[in-house]
Amino acid sequence: MRFLVFVCIILVAAAVGAFHAMAPSRRVGAWSWIALCAVLLIAFAASFVMLGASAEKTLFSMVVYFLNWSMAAGGAAVCIGVIAGLGLALAFKR
């Protein structure tokens with residue numbers, strides 16, 4: 001339960017920070033950060049789907065292993081928070 005509270009705090013902090021940090025003149029930069037976070041989330045989801053049953057010890061599988069644990073420990077919450085905060089800032093900041 002504590003981990004879930006920790007992840008929710010990270011999510012809200014990332015959303016609020018991204019909303020306040022976004023300057024209206026930097027719309028292209030905001031879209032690039034949204035795209036980067038979306039790519040990280042897609043890679044995180046795809047690594048579970050495609051390589052969950054694989055037990056081979058290759059460099060690629062080790063990189064995916066570290067990606068999975070870093071994203072599960074809070075990286076996914078940060079990415080979702082950044083996407084939410086920048087999306088709201090793009091919608092409401094002029």
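1. Let's start with one residue, alanine 84. At 36% relative accessibility, alanine 84 counts as partly exposed, because that value falls between the cut-offs of under 20% for buried and over 50% for exposed. You'll find alanine 84 in helix 3. Its C-alpha sits 8.3 Å from that of alanine 18, although 66 residues separate the two in sequence. Keep in mind throughout that this is a predicted model.

2. Now a step back to the whole chain. There are three helices and zero strands, so to speak an α-α-α pattern when you read along the sequence. Helix 1 covers residues 2-21, helix 2 covers residues 27-51, and helix 3 covers residues 59-92. Along the principal axes, the C-alpha atoms fill a box of roughly 50 × 35 × 15 Å.

3. A few totals for the chain are worth having at hand. The chain has 94 residues, and 27% of them count as buried. About 6,600 Å² is exposed, with carbon and sulfur atoms supplying 79% of that area. If you take the contacts with a separation of 6 or more, 88% of them come from residues 24 or more positions apart.

4. How do helix 1 and helix 3 pack? Their axes are 7 Å apart, at an angle of about 35°. The crossing of helix 1 past helix 3 is right-handed. On the helix 1 side, the residues making the contact include Phe3, Phe6, Val7, Ile10 and Leu11, along with Ala14, Ala15, Ala18 and Phe19. Helix 3 brings in, among them, Ala72, Ala73, Gly74, Ala77, Val78, Gly81 and Gly85.

5. Glycine 81 deserves its own point. This residue belongs to helix 3, and is it buried or exposed? Glycine 81 is buried, as its relative accessible area is 0%. Leaving aside residues up to four places away in sequence, glycine 81 touches Leu11, Ala14 and Ala15. Those three are also listed on the helix 1 side of the contact between helix 1 and helix 3. Valine 7, another helix 1 residue in that contact, is 74 residues from glycine 81 in sequence and 10 Å away in space, C-alpha to C-alpha.

6. Next, a look at asparagine 68, which is found in helix 3. With 13% relative accessibility, asparagine 68 counts as buried, because the cut-off for that label is under 20%. Which residues does asparagine 68 touch, not counting those up to four places away in sequence? The answer is Phe44, Ser47 and Phe48.

7. Following that up from the other side, serine 47 has its place in helix 2. Serine 47 is buried too, at 6% relative accessibility. Serine 47 is touched by asparagine 68, whereas the C-alpha atoms of serine 47 and histidine 20 are separated by 32 Å, with their positions 27 residues apart along the chain.

8. Finally, check the surface around tryptophan 69. Tryptophan 69 lies in helix 3 and counts as exposed at 55% relative accessibility. Together with Met62, Tyr65 and Phe66, Trp69 forms a nonpolar patch on the surface. The accessible area of these residues together is about 520 Å². Along helix 3, then, you can compare a buried asparagine 68 with its exposed sequence neighbour, tryptophan 69.

How values were computed. Residues are numbered from 1 along each chain as its sequence is written. This is a predicted model: local features need pLDDT of at least 70, side-chain atom pairs count only at pLDDT 80 or more; totals for chains, interfaces and linings use all residues. Side-chain values use heavy atoms; hydrogens and water are left out. Patches are made of residues with over 30% relative accessible area and no salt bridge: like charges are joined within 9 Å, nonpolar side chains (Val, Leu, Ile, Met, Phe, Trp, Tyr) within 5 Å. Accessible areas come from the Shrake-Rupley method with a 1.4 Å probe; for residues, only the protein chains shown count as cover. A salt bridge is a side-chain nitrogen of Lys or Arg within 4 Å of a carboxyl oxygen of Asp or Glu. Helices (H or I, at least four residues) and strands (E, at least two) are DSSP runs, numbered from the N terminus. Buried means under 20% relative accessible area, exposed over 50%, partly exposed in between (1.4 Å probe, protein chains only). Contact means heavy atoms within 4.5 Å. Axes are lines fitted to C-alpha atoms, for helices over the stretch in contact, and angles run from 0 to 180 degrees between N-to-C directions. A crossing is left-handed if the near helix is turned anticlockwise from the far one by less than a right angle, and right-handed if clockwise.
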